[in-house]
Amino acid sequence: MPSCKTIDPLVTPFVDGELPDADRQLVDDHLRACAPCHSRVLAEQTVHTLIRARASALKPPAPEPLRARCMELAAHSHAAAPSHLRSGPDRLPLPHPIAPRRAWSTRIAPYALAASLMLVVGGAFVYQATDRSVRVLAAELTADHVKCFAMNKALGMRQMPAAVESSMASGFDWSMHLPENPARAGLELVGSRPCLYGEGKVAHIMYRHEGHPVSLFMLPKTSRAQQLVRVFGHEAAIWCVGNRTFVLVAREPRPEIERMASFVQASLH
């Protein structure tokens, strides 16, 4: 099987559909066997789809909030780069830096960058209550699902239920209680984190279902119709309680997603 280093320059043309058949088959074969590269391609496909869906809205001059976010992202990327890779008056960027080993921050960079790009684009527009916007919503949250679990795997962080409930209360004014016995549904709590979405943030509670990542997102002050959406090999179950929208995302068969969503709806209070 070709190495990740060999596949790396082929990822973007693969997502853009510009590879010849032989190279596309090479990437396909690698992605079937390499979970990290598969996750990276998924994140880039999400960004690609989002930008295409909003192409007409991107034609006018960028609004000030979008330009500010782009500048912030660029500054963050520059500051995070090793000193020998930063360009400047007396520095030229190296085309192929040699690194003896990849640090965890380097391994998760593709997921974080792809999701950040998507959030920058997504945050510049107001969503309309259309089928397309629901799919874009599901695609954005799926990218966050992939990114956050990649980061969690690298950092190895875990939280107890009380810590998650406390962070929901302080960060979202959401006095909630997690399901008391998630093991009944085959779920194991991983932790939680806030994620940027539009001009605000959403709650992200992470579980594992028989070892597989499962995300529960809560969007405050938002109302969406109940439905099930498939995006990039993941299923997203969407429902609303009061003025909060919930989205459960996982790469599981649809009946399993419906069962987990029903369990969460019945036991989350």
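**Close-up 1. The bridge between His209 and His212, and the hairpin around it.** In strand E3, the residue that bridges to His209 is His212. Strand E2 (residues 200–209) pairs with E3 (residues 212–220) in the antiparallel sense through seven bridges, where pairing requires that DSSP finds at least two bridges between two strands; strands are DSSP runs of E with at least two residues, and helices are runs of H or I with at least four, both numbered from the N terminus. Two residues separate E2 from E3 in this hairpin, and Glu210 in the turn has a positive phi of about 50 degrees. The model is predicted, with local features needing pLDDT of at least 70 and side-chain atom pairs counted only at pLDDT 80 or more, whereas totals for chains, interfaces and linings use all residues. Residues are numbered from 1 along each chain as its sequence is written, and side-chain values use heavy atoms, with hydrogens and water left out.

**Close-up 2. Strands E3 and E6.** E3 and strand E6 (residues 244–250) run antiparallel and are joined by seven bridges, and the partner of Leu216 in E6 is Leu248.

**Close-up 3. The largest nonpolar core.** Trp174, Ile205 and Leu248 touch the most other members of this core, which has 26 residues; a nonpolar core is a set of buried Ala, Val, Leu, Ile, Met, Phe, Trp, Tyr and Cys residues joined through side-chain atoms within 4.5 Å, and buried means under 20% relative accessible area (1.4 Å probe, protein chains only). Elements that give two or more residues to this core include helix H9 (161–172), strand E1 (187–197) and helix H10 (254–267), and H10 gives the most, with five residues.

Technical notes: Buried < 20%, exposed > 50% of the residue type's maximum accessible area, 1.4 Å probe, protein only.
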